[in-house]
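Let's walk through this structure together, starting with the overall layout and then moving to a few residues. Keep the viewer open as you read.

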Amino acid sequence: MTLVFIRHFIANLLIFEQMKVELITPEGNVFAGDASRVNLPGIDGLFEVLNNHAPLISALKAGPVKVTTQNKVKIINITGGFAEVLRNKVVILAESAKEL
């Protein structure tokens with residue numbers, strides 16, 4: 001019982017820690033703000049970025065980007081691009097994007 005409580009407590013702490021997220025297209029900035037997690041459509045499969053993630057650069061394929069803030073999930077369809085994760089900031093450069 002105690003182990004379940006500790007896991008639940010840690011999972012809830014991770015949800016509320018925030019990182020900066022920017023989604024940019026040639027037309028302009030689509031999203032800029034804080035998020036607790038970001039799900040991305042990598043060319044080799046979906047992946048998730050949480051607060052304090054290790055640095056990475058990844059190519060992205062067409063698909064949904066899910067940005068989870070403290071009170072809601074934004075879903076933005078992109079047609080491909082690149083993502084960079086560095087120093088608790090996620091920058092997504094997309095060919096085009098449309099918020100659902």
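The chain of this predicted model holds one helix and ten strands. Reading from the N terminus, the order is α-β-β-β-β-β-β-β-β-β-β, with the helix ahead of the strands.

Some totals will help you get your bearings. The chain has 100 residues, and 31% of them count as buried. Its exposed surface comes to about 6300 Å², with carbon and sulfur atoms supplying 61% of that area. Now take the contacts in the chain with a separation of 6 or more: 43% of them are made by residues 24 or more positions apart.

Which residues touch the most other members of the largest nonpolar core? That core has 19 residues, and the ones to select are Val-21, Leu-23, Val-38, Leu-40, Val-65 and Ile-92. Many strands contribute here: S1 (19–25), S2 (28–35), S3 (37–42), S4 (45–50), S6 (63–68), S7 (73–78), S8 (81–86) and S9 (89–94) each supply at least two residues of the core.

Ile-92 is a good place to see these contacts in detail. Setting aside neighbours within four places in sequence, Ile-92 is in contact with Val-21, Leu-23, Val-38, Leu-40 and Val-65, among others. Its further contacts include Glu-22, Ile-24, Leu-60, Phe-82 and Ala-83.

Two of those partners, Val-38 and Val-65, also lead you into the strand pairing. Start with S3 and S6, which pair in the antiparallel sense over three bridges. Here Val-38 stands opposite Val-67 in S6. Next, S6 and S7 pair in the antiparallel sense too, over six bridges, and Val-65 stands opposite Ile-76 in S7. The link from S6 to S7 is a hairpin of four residues.

Finally, turn to Glu-84, which is found in strand S8. Is this residue buried, partly exposed or exposed? Glu-84 has a relative accessible area of 33%; because buried means under 20% and exposed means over 50%, Glu-84 counts as partly exposed. Leaving out neighbours within four places in sequence, Glu-84 is in contact with Lys-89, Val-90 and Val-91, as well as with Leu-56 and Ile-57. Look also at Pro-55: it is 29 residues from Glu-84 in sequence, while the C-alpha atoms of the two are 7.5 Å apart in space.

Notes:
Residues are numbered from 1 along each chain as its sequence is written. This is a predicted model: local features need pLDDT of at least 70, side-chain atom pairs count only at pLDDT 80 or more; totals for chains, interfaces and linings use all residues. Side-chain values use heavy atoms; hydrogens and water are left out. A nonpolar core is a set of buried Ala, Val, Leu, Ile, Met, Phe, Trp, Tyr and Cys residues joined through side-chain atoms within 4.5 Å. Buried means under 20% relative accessible area, exposed over 50%, partly exposed in between (1.4 Å probe, protein chains only). Contact means heavy atoms within 4.5 Å. Two strands pair if DSSP finds at least two bridges between them. Accessible areas come from the Shrake-Rupley method with a 1.4 Å probe; for residues, only the protein chains shown count as cover.
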